[in-house]
Amino acid sequence: YGPLLAITRDPRAITERVSEVARSLAPGTRYVLCVLRPSRDLQLDVADLSRALERLTGGHINVLRGGDYAAVAGSVGAAPLLNIGESQPFHISVNIDGVDATIRMESWLASDTIRRMGFGHVIVNHQHTLIVERGLSLVTFEADGQATRTAYESNIFARQARYLVDYRQP
C-alpha cells in the first residue's frame with residue numbers, strides 16, 4: 001500500500017561529503033585533515049576518505065597510516081608535509097607554505113565518550129582554527145590562521161540530511 005505520508009529530502013539542507021569539499025578546493029590551498037576513530041554509532045566511509053586523500057595530496061596517498069589518531073597536512077595537490085597515524089594522542093607542528101600549524105590530539109578515545117570542545121584542536125599562527133572531533137575533521141586556512149572552509153563527517157558536527165513530510169491528504 002505504500003507510506004501514509006510523502007517524505008522527501010530537503011534540498012536546502014546541504015550535506016557535502018569531505019571528498020566533495022576536497023574536490024572543490026583550489027590547488028595550493030593549505031589544509032589539515034584529522035581522523036579519529038569514530039564513536040560506535042558512526043562509521044567512516046573509507047572510500048570517501050580515500051577520494052579526499054587522493055585529491056588533497058595530488059594522488060600521493062589514498063590510505064591513512066594506522067592508528068586511532070591520524071592527521072594529514074599540506075597544500076592541495078602536493079605531497080603532504082605531514083602524514084601521521086598513532087595509537088595514542090599526539091601534539092605535532094608543521095610549517096605549510098610559511099604558516100605554522102599545530103595539531104593537538106588531546107583525548108583518550110577509549111575512555112572519553114564526549115568532549116565539550118572536541119577531542120583535539122588545530123592552531124594556526126597562534127589562532128584556534130579547528131575543533132577536532134571523532135571521525136573526519138577538515139580545515140583550510142589563510143596565512144593569518146583564519147579558517148576558510150571546514151567540513152566534518154562521521155561525527156556530531158557533520159551536517160545531517162533533513163526531510164520534509166507532506167501531511168496533506170490527496
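These legends go with a set of close-up views of a predicted model.

**View 1. The largest pocket and what lines it.** This pocket has a volume of about 420 Å³. Its lining takes in 19 residues, and the ones closest to the centre are E16, Y152, E153, A158 and R159. Strand β10, residues 147-153, gives the most to the lining, putting in five residues. Sorted by class, the lining is a mix: seven nonpolar, six polar and six charged residues.

**View 2. A salt bridge between E16 and R149.** Here the two side chains meet with N and O 2.7 Å apart. E16 sits in the loop between β1 and α1 (18-24), while R149 belongs to strand β10, so to speak a long way off in sequence: the pair links parts of the chain 133 residues apart. E16 counts as partly exposed because its relative accessible area is 36%. R149, at 27%, is partly exposed too. E16 is also one of the residues closest to the centre of the largest pocket, and β10 is the strand that gives the most to that pocket's lining.

**View 3. D45 meets R17.** The N to O distance in this salt bridge is 3.0 Å. D45 is in the loop between β2 (30-36) and α2 (46-56) and R17 is in the loop between β1 and α1, so the bridge ties together parts that are 28 residues apart in sequence. Both ends are partly exposed: D45 has a relative accessible area of 27%, and R17 comes in at 30%.

**View 4. D68 with R37, and a wider network.** The closest N and O atoms of this salt bridge are 3.2 Å apart. D68 lies in the loop between α2 and β3 (69-75) and R37 in the loop between β2 and α2, so this pair ties together parts 31 residues apart in sequence. With 28% relative accessibility, D68 is partly exposed, and R37 is partly exposed at 34%. Elsewhere, salt bridges that share partners join R17, D45, D48, R51 and E153 into one network. Across the whole structure, a search turns up nine salt bridges.

**View 5. Two loop residues with positive phi, D97 and H126.** Most residues other than glycine have a negative phi. D97 goes the other way, with phi near 50°, in the loop between β5 (91-96) and β6 (99-105). H126 has a positive phi as well, near 65°, and is found in the loop between β7 (120-124) and β8 (127-132). How open is each one, exposed or partly exposed? D97 is partly exposed, with a relative accessible area of 49%, just under the 50% that a residue has to pass to count as exposed. H126 is exposed, at 84%.

**View 6. G135, tucked into strand β9.** This glycine lies in β9, which covers residues 135-141. G135 counts as buried because its relative accessibility is 0%. Its C-alpha atom is 7.9 Å from that of S39, although the two residues are 96 apart along the chain.

**View 7. A nonpolar patch on the surface.** L4, L5, I7, Y163, V165 and Y167 make this patch, which covers about 720 Å². L4, one of its members, belongs to the segment before β1 (6-9). L4 counts as exposed because its relative accessibility is 82%.

Terms used
Residues are numbered from 1 along each chain as its sequence is written. This is a predicted model: local features need pLDDT of at least 70, side-chain atom pairs count only at pLDDT 80 or more; totals for chains, interfaces and linings use all residues. Side-chain values use heavy atoms; hydrogens and water are left out. Patches are made of residues with over 30% relative accessible area and no salt bridge: like charges are joined within 9 Å, nonpolar side chains (Val, Leu, Ile, Met, Phe, Trp, Tyr) within 5 Å. Accessible areas come from the Shrake-Rupley method with a 1.4 Å probe; for residues, only the protein chains shown count as cover. A salt bridge is a side-chain nitrogen of Lys or Arg within 4 Å of a carboxyl oxygen of Asp or Glu. Helices (H or I, at least four residues) and strands (E, at least two) are DSSP runs, numbered from the N terminus. Buried means under 20% relative accessible area, exposed over 50%, partly exposed in between (1.4 Å probe, protein chains only). On a 1 Å grid over the protein atoms alone, a cavity is a set of points where a 1.4 Å probe fits but cannot get out, and a pocket is an open set with protein on both sides within 12 Å along at least five of seven lines; lining residues have an atom within 4 Å of a point. Grid points are joined across faces, edges and corners, and a volume is the space filled by probe spheres set on the points. Ala, Val, Leu, Ile, Met, Phe, Trp, Tyr, Cys and Pro count as nonpolar, Asp, Glu, Lys and Arg as charged, and the others, Gly among them, as polar.
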